[in-house]
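Biologist: I'm new to this one. Could you zoom in on the enclosed spaces and the aromatic rings, and walk me through who sits where?

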There are 2 protein chains.
Amino acid sequence: MNDGALGPGPRTRVRRLATKANYDERVIYSILDEARLCHVAAMVRERPVALPTLHARDGRTLYLHGSPSNEILKSITRDGEAFVTATLYDGLRLARSGFESSIAYRSVTVVGAAREVTDMTEKARVLSLFVERVLAGRAEEVRASSEQELRLTMVVAVDIDEASAKVSSGPTEDDEHDAALPIWSGTVPARLVFGAPVPDSNGAMATGDIEVPPSVAALLRES
Amino acid sequence: MNDGALGPGPRTRVRRLATKANYDERVIYSILDEARLCHVAAMVRERPVALPTLHARDGRTLYLHGSPSNEILKSITRDGEAFVTATLYDGLRLARSGFESSIAYRSVTVVGAAREVTDMTEKARVLSLFVERVLAGRAEEVRASSEQELRLTMVVAVDIDEASAKVSSGPTEDDEHDAALPIWSGTVPARLVFGAPVPDSNGAMATGDIEVPPSVAALLRES
């Protein structure tokens, strides 16, 4: 593969609608980093399953985490390989035919070697990455992880050995015979917006009195 | 299983954070129907993979569709069983510790018998369901499917034999020792909103002159 290209390789080559394929690592990383969750495929009880989870990227490593009894994490570390996919829904692409109508989306597929991270310092660093993934700026606002919490968390590092992106965007692509039909054709963009924060009311201290932290304020400004 | 309960069964029992588990079919269907895409797990070239795709539910049947050369669809019809998961991102749950901080989400897992739908009348009906899934009210606005288009589309029916939902919502759950810390704790809801439609400018007819159709107008009113 060329510099800056993460594919195609045998498991990530886009086989359907190959015109939508992209192997540029900048495109792949931007989708991975924007996606707020991913799905991990694995063999569990001898069958293929996929479950949603959080992910955090650091350079060419993708981290996953969960309980030490998480069956997907146990399966991929046992197999030594992980398949991760992340998808962003970007809106509607409404052609004049049902056949050409679909959604706008960006998706990424990553395949790579998976190994458990056991070093406690490394685990603490990665767990901070996850807090930052949940909300940028939040890691420095929360209480630091305890040793007990680190022990209760399994962290898996996946090397981004091979990856591909698939992007469906731009104007609708009507069949040429349909273009003259008096049917509206076009796209409708979608985006995620965040609403008013709801402070916890259960704490010993009424957190409603504490100002909304910088991390949440920044999120709401951008939203 | 009881009336109205779709699980738990051996493949859909929620094993981690079982307090978040729900097997009520109304909850499961509402999540499936709100999710704008799903991920299907399958064996492809002897390895577990998962890819995003659209889904359409009709009663206790979940439909998938794609090209006849789609490897996931070929794999699940060959195996006779499908594993489908759909996840909705609902926002942030920001506790005082990183350990208890995460996202609000609703996810569903469906396992069931998979078979290809080959009857042309049935395929036409299911393809209309997919258009409705992309946008409610759109099926009656678009040109009807041609026989050629039906032949170019593979439709797979998955019986919802067993399913489970996992819902993470409500206030943050801080550890009791953390509740007194002077750190803001709370939730931030997220939702998808649709923006201004962009009419196609490539057609032989300038569709900008055609009014935005009822389906799109309704979407924007609700958004």
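Modeller: Sure. The second largest cavity is lined by B:Arg36, B:Leu54, B:His55, B:Arg133 and B:Val134. (A cavity is a set of points on a 1 Å grid over the protein atoms alone where a 1.4 Å probe fits but cannot get out, and lining residues have an atom within 4 Å of a point.) One caution: this is a predicted model, so local features need pLDDT of at least 70 and side-chain atom pairs 80 or more, while totals for chains, interfaces and linings use all residues. Residues are numbered from 1 along each chain as written, chains are lettered from A in the order written, and side-chain values use heavy atoms, without hydrogens or water.

Back to that lining: two of its residues are nonpolar, one is polar and two are charged (Arg counts as charged, Leu, Val, Ile and Tyr as nonpolar, and His falls among the polar rest). The space inside comes to about 30 Å³, a volume being what probe spheres set on the points fill.

In total there are two cavities of 30 Å³ or more. The largest holds about 40 Å³, and its lining draws on both chains: A:Arg36, A:Leu54, A:His55, A:Arg133 and A:Val134, plus B:Tyr89 and B:Ile103. By class, that makes four nonpolar, one polar and two charged residues.

Now for the rings. The whole structure has two aromatic pairs (ring centres within 6.5 Å; edge-to-face means planes over 60 degrees apart). A:Tyr89 and B:Phe194 are edge-to-face because their planes meet at 85°, with the centres 6.3 Å apart. This pair crosses between chains, from strand S6 (residues 81-94) of chain A, home of A:Tyr89, to strand S10 (residues 186-194) of chain B, where B:Phe194 sits. (Strands are DSSP runs of E, at least two residues, numbered from the N terminus.) A:Tyr89 has a relative accessible area of 14%, so it counts as buried (under 20%, with a 1.4 Å probe and protein chains only). B:Phe194 is buried too, at 12%.

The other pair joins A:Phe194 and B:Tyr89, edge-to-face at 6.3 Å and 85°. It also runs between chains, from A:Phe194 in strand S10 of chain A to B:Tyr89 in strand S6 of chain B. A:Phe194 is buried at 12%, and B:Tyr89, which is buried at 14%, is the cavity-lining residue we met above.

Two charges sit over rings as well (CZ of Arg within 6 Å of the ring centre and within 35 degrees of the ring normal). A:Arg57 lies over the face of A:Tyr29, 3.9 Å from the ring centre. In chain B, the charged end of B:Arg57 is 3.9 Å from the centre of the B:Tyr29 ring.

Key: On a 1 Å grid over the protein atoms alone, a cavity is a set of points where a 1.4 Å probe fits but cannot get out, and a pocket is an open set with protein on both sides within 12 Å along at least five of seven lines; lining residues have an atom within 4 Å of a point. Rings of Phe, Tyr and Trp (its six-membered ring) pair if their centres lie within 6.5 Å; planes under 30 degrees apart count as stacked, over 60 as edge-to-face and the rest as tilted. Helices (H or I, at least four residues) and strands (E, at least two) are DSSP runs, numbered from the N terminus. Buried means under 20% relative accessible area, exposed over 50%, partly exposed in between (1.4 Å probe, protein chains only).
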